[in-house]
Amino acid sequence: MANATDELTLLERVFLRIGSAESDEQLQSAVSKFLPPVLLKLSSQQDGVRKKVMELLVHINKRIKSRSLVQLPVEALLLQYQDPAASSFVTNFTIIYIKLGYPRLPVAKQAELVPCVLNALEGRPQSHQDSLLLILMPVLGHVTVPADPEKRSVLFGLNERPHIYKLLADFMLDVLLLPYGATAQQEQHQEQARSSQHEDASNTSANSFPVPLGMSEYSFKRVTAGNPLTSEELEQTKLGIVKFLASGVMTDSDILCHLIVAAADTRFSVANAADMELKKIVGLLDWGSMSLTAPLYSLFLGTQLVTAKSRLNTIKVDKRCSPASTRIRLKILPYLCRSRGSALVFPACIQVFFDSLYGTNTSPRLKNMALQFSMLIILGANIQRLTPVAGVLLSGLLKLIAEDDNSLKVLAYSAVGKLGSRVPRVVNKDLALLQTFFEALLQEDQDIRMSVREALLSMVEAFHVGLDDESKECSDVKATTDGSGSVIGGQCQTMMQALLANQVESNEPMARFVAVRYAASVFPLNHAPSRYLLLLATGDNKDEVFTEALKALYGPDHGVETSEGSGVLEKGRSEESQKQQQQNSGTSDKSRELILPQFCDMAQYLAERAVIRMESAASRYVIGNHTLPFSPASFVEMLTYLRLCLARSADVQLKKREVIQHPSQFTPLISRYLHQLRQTFTGCGTLDKYLSLIQQLLTASPSIVPLACLLELVGSAPDILAGNFTGKLSWLKGLLFSAKEEMREKSALLYGIIIAHGLDDLAYEEAVQDLINCVKSKSPLEAQHGCLLASAHALERKISIMKRDNSSLVNLSSYAVYKEGVEAIVFHLNHQHALLVLASCIAIGELARCAPLPLPSGSSSASAEDKNMAIWKLDLVKKLFAIMNNGKITTKVKEHAAMAAGFLCVGEEFPHSRDIIQGFLDMAKETRDVEVHFTAGDALVCCVQGVMSPFARNVWTTLESEYEPHDIDAVLAARNQDLEWLLDELLNKFAPKPHPNSRQATSIWLLALLKHCANREPVKQRLDVMQNTFMDLLSENSDIVQDVASKGLGLVYECGDEESRSRLVSQLLDQLMSGRRSVTQVTGDTKLFEEGTLGKSPTGGNLSTYKELCSLASDLNKPDLIYKFMQLANHNAIWNSKKGAAFGFSTIASSAGEQLSQHLPKIIPRLYRYQFDPTPKIQNSMTSIWHALVPETQKTVSNDMFG
């Protein structure tokens, strides 16, 4: 009782001291001294004491409420608040005065006490924590945060207290979410509630202002409790929070959500500050982490959408967050679009997509961003996660497409396309979606059609898996058999064909292009109906469409090497670009074989379609008085394709769109295949349909392609087909007068075959005589040209028939028509027009190849001016070489003249073969043209082979490998003598000559002789000499000579025995690894560089000789520079030598693998370095060797270079 009296006495004294305080300073001094101990008295057991304390506290409250400058002992109160021994009654009153006194402190003091306030949160009730955090928010921007991370950690201690860390982060987020008008309206409603006379007025007022989006009712109340901030104060508070977040107190991943919300703030100062901080951290975050993006999903969707129903029931109603506002969502979604891997949280990402499109808090811009987000989901999500929701995604996208919002359709179509490519089964269940999209290509606005097109192209592979087993084998994508409900097999193919057939002739170019891509990708390469659709597209007037069709039919490099092209391929492309493409595609084409349908299948299908199209006026084409089932361009390509199918069915290996020029090495194969077809009922019908198509186009629009097709058939099977065209000779003869040279050449060969095989002897002689008369007459140049060639072909075919029937050829010299025809042809060798000279050379070659010419041996005594005298064989040789040595004649004419000279030795044991050989040797130095040298090489081979040459065979029916000449022994000795003499001349006389033309001719001619006469004794006896010659030629600066020499080394290697092969490999390895070459003596006329290599001298001359190098050094007054030039020249020679060795080495490597295997450890390091040589030619050569020797590059490099 005494203690209670004492406590009351003390309280009275404190009351007196506080009550007697007259100034603010006195009041502040008394309160600061007595308030903490007075609060402790609340824990007294005496009611009187507690009552007195309450009276005192009421008095203090009244005194300080009106005096805002009076400070309270906040620091002492905080220490007392954290006292674990204090009762809850004490702490409840203590926090009241902390809340009252903390805002009165100077800002610097408040900032200093922030760590203490944070410490006071530990273990306190939620309401206390919310109250303390609320008073901290306006001060956070003024806190001085140390730059040192360790000091930061010690100052706040948040890392050791994750619960406090999360409390602070969540409260700051709630403040950032708070709208500016909410606090003022909340205060107004609270005042109205207090003044209302109705009992439920407070509830009405509380519900009058809705909870802001993104917040729960609880979070909204706790940030607006007490004295709500004004809009300006809230703005400064948010700025302070952003500054505090940027200070490094929290990790970048934990503040991402806060900064995004702040960046969406309606006040520029807050949004700008947050944006700047976001730019700093966005590149440092791990966007593949689920922990980073999970808070963004929660904020975007709110509690109800992101939480499962079972968990939703455990969350109190007032703590359930609503979805974020549209403004915040617009800021969140771009950052969600950075997600990858596991950061794409399912099903939250799908909820984000749908809520953005069809939810309440959305906008056109948000919908656009949601579609971009859907692309991320489709392309970036794990396929196991994406597959179950793909159908839902597709339905949402299609619903959006059905709406009339063009701004969103573009992205929606693209998303559907990507979804179909990743999850094929959602789009390939039937063709309804495909049909809808094709219709959209016609109906949508122009700016949307491109997106529809890209979507269709993206879904190509999805429909690729819905075919039957045969199709799957030909596809690059493995078909799924997961029971997805796809319409497969023949039904799907038929429906797809019908759909594409309708679209490939659509009025919309995009629809035609997409149809072409589908026909190319969905069906196998040997599928006749789809190839038909592609062939239709080759006649399209849009470059994009017909180019895509050609690419699908023949591969990416669909160039044509012959002149029989359809004309379609060349649209819009220059000759130079086509040649460049062919050069670039040469290597890749070697490893790819052209896959084509069977000839019978393709021909029958095209014939059927032609009949159907002719029945409809809408599908047929009218040209003059003729009607065609297809456009001329498509028709031409169809016949070309059928030619390729025919060749492929005849076992001709095709690498690309190679149109065979008949007769060729493959002609006998096609001839045999046609005869086999003719023996079957189906094959006979197929050939008749094919012939009908050819004649249909050739009659309506005469051109090279149908004429070449007809020539191929009739020439390969003249005994079967020639008689069918004897009634059309007048029409065929009209083609001989065509304005196009190639047309005349083809028609001449066709006409000659038909009259030789289809007419009796009398009618044949009359037809040939008619041709000869036209040649002799003063007919137009084109007519003379066509008739000259036709007469030659007719005579050649007739002689071949006579040889086949074992008829005697002894009387050919007295065969009037033959003799007169040859004389007319030889006469035109002197014609002033090169066209007839060329035709005469071709004709002489054709006739001389199969039989002796009806000319006397030797040379006539008449003068060259006397053109009426008879021509002798030696005179003919001289005429041919005069053409070859004429500088005004084109290369083409020279080549045919050279071959004609060579063929003179093939049809008979020519008495002047040595003169022909000498003529070629004499022209070696004067001719620089590589093509002429190669042709002369083939002619020389004909000279030394004579009647044993494969050219003597019937090229239409006999393969070169099957040709077996008769009576070899009778002519072998003479041919060996010519071969020995020619080899000695080349090896001993021409090879040592330094003249570049002679060395070029020597290398090419030796290669030709070695290739075609390898089994002849004169060649075998001189292999060592030829090897040394080729080794020396490897050091030439000419790339052509190096390449030829390398191929020659390869052939020498093949022809040699084991000893010579080992020696050759050793020499090449030595040259490759050391760069050795034979030393060439430098004279005044020795070329150290090719012209233009170093530039030009001051006088303008090219620096290509030693003499000019000396002159340049003297002009510069630095004679010592000549040594630099010499050193550079030596370096140039070394690298050329290595390049030459590379050519030869790559040729031999393919056949010397076993012998090279023991040298690989030494070769590989050097080859590896040479692949990075600065000289492109050396680099390319070494790379080809590397790939030839090292099939497993990575493994070899690891073992041999680093093992």
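What span should the 17 residues of helix α44 (residues 834-850) cover at 1.5 Å a residue, and how far apart are the end C-alpha atoms of α44? The expected span is 24 Å and the end C-alpha atoms are 25 Å apart, which agrees; the expectation is 1.5 Å times one less than the number of residues. In α44, 15 of the 17 residues are buried, so α44 is largely enclosed by the rest of the structure. Buried here means under 20% relative accessible area, exposed means over 50%, and partly exposed lies in between, with a 1.4 Å probe and protein chains only.

The model is predicted, and local features need pLDDT of at least 70, side-chain atom pairs count only at pLDDT 80 or more, and totals for chains, interfaces and linings use all residues. Residues are numbered from 1 along each chain as its sequence is written, and side-chain values use heavy atoms, with hydrogens and water left out.

The chain contains 60 helices and two strands. These elements are DSSP runs numbered from the N terminus, helices being H or I of at least four residues and strands E of at least two. Of the 1203 residues of the chain, 51% count as buried. Among the contacts in the chain with a separation of 6 or more, 70% come from residues 24 or more positions apart; contact means heavy atoms within 4.5 Å.

Helix α25 (residues 446-458) was treated in the manner of α44. For its 13 residues the expected span is 18 Å at 1.5 Å a residue, and the end C-alpha atoms are 19 Å apart, which agrees. The buried residues of α25 are Ile448, Arg449, Ser451, Val452, Arg453, Ala455, Leu456, Leu457 and Ser458. Their cover includes α23 (406-422), α24 (432-443), α26 (460-464), α29 (509-522) and α31 (543-554).

Three helix pairs are described next. Two packed helices are described by the angle between their axes and the distance between the axes. Axes are lines fitted to C-alpha atoms, for helices over the stretch in contact, and angles run from 0 to 180 degrees between N-to-C directions. The axes of α10 (residues 162-177) and α14 (residues 231-245) come within 10 Å and cross at roughly 140°. That angle makes α10 oblique to α14; angles under 35 degrees count as roughly parallel, over 145 as roughly antiparallel, 65 to 115 as roughly perpendicular and the rest as oblique. The crossing of α10 and α14 is left-handed, a term for a near helix turned anticlockwise from the far one by less than a right angle, with clockwise giving right-handed. Leu168, Met172, Val175 and Leu176 of α10 meet Leu234, Thr237, Lys238, Ile241, Phe244 and Leu245 of α14. This contact comprises eight nonpolar residues, one polar and one charged. Ala, Val, Leu, Ile, Met, Phe, Trp, Tyr, Cys and Pro count as nonpolar, Asp, Glu, Lys and Arg as charged, and the others, Gly among them, as polar.

For α42 (residues 781-804) and α43 (residues 816-827), the axes come within 10 Å and cross at roughly 140°. Helix α42 is therefore oblique to α43, and the crossing is left-handed. From α42, Leu788, Ala792, Leu795 and Ile799 meet Val817, Tyr818, Gly821 and Ile825 of α43. By class, this contact has seven nonpolar residues, one polar and no charged.

The axes of α15 (residues 252-263) and α16 (residues 268-281) come within 8 Å and cross at roughly 145°. Helix α15 passes α16 in a left-handed crossing. The contact is made by Asp252, Ile255, Leu256, Leu259, Ile260, Ala262 and Ala263 of α15 with Val270, Ala271, Ala274, Asp275, Glu277, Leu278 and Ile281 of α16. These residues divide into 11 nonpolar, no polar and three charged.

Individual residues complete the description. Val352 lies in helix α20 and counts as buried at 0% relative accessibility. Not counting residues up to four places away in sequence, Val352 touches Tyr297, Phe300, Leu301, Leu333, Leu336 and Phe373. Gln1000, in helix α50 (residues 996-1012), is buried with a relative accessible area of 9%. Leaving aside neighbours within four places in sequence, Gln1000 is in contact with Arg928, Asp929, Val930, His933 and Val1041.

In the loops, a cis peptide bond joins Phe346 and Pro347, with omega about 0°. Pro347 is in the loop between α19 (326-336) and α20 (348-358). The bond from His662 to Pro663 is also cis, with omega near -5°, and Pro663 is in the loop between α34 (632-649) and α35 (667-678). Asp651 is found in the loop between α34 and α35. Although not a glycine, Asp651 has a positive phi of about 70°, and Asp651 is exposed at 57% relative accessible area.
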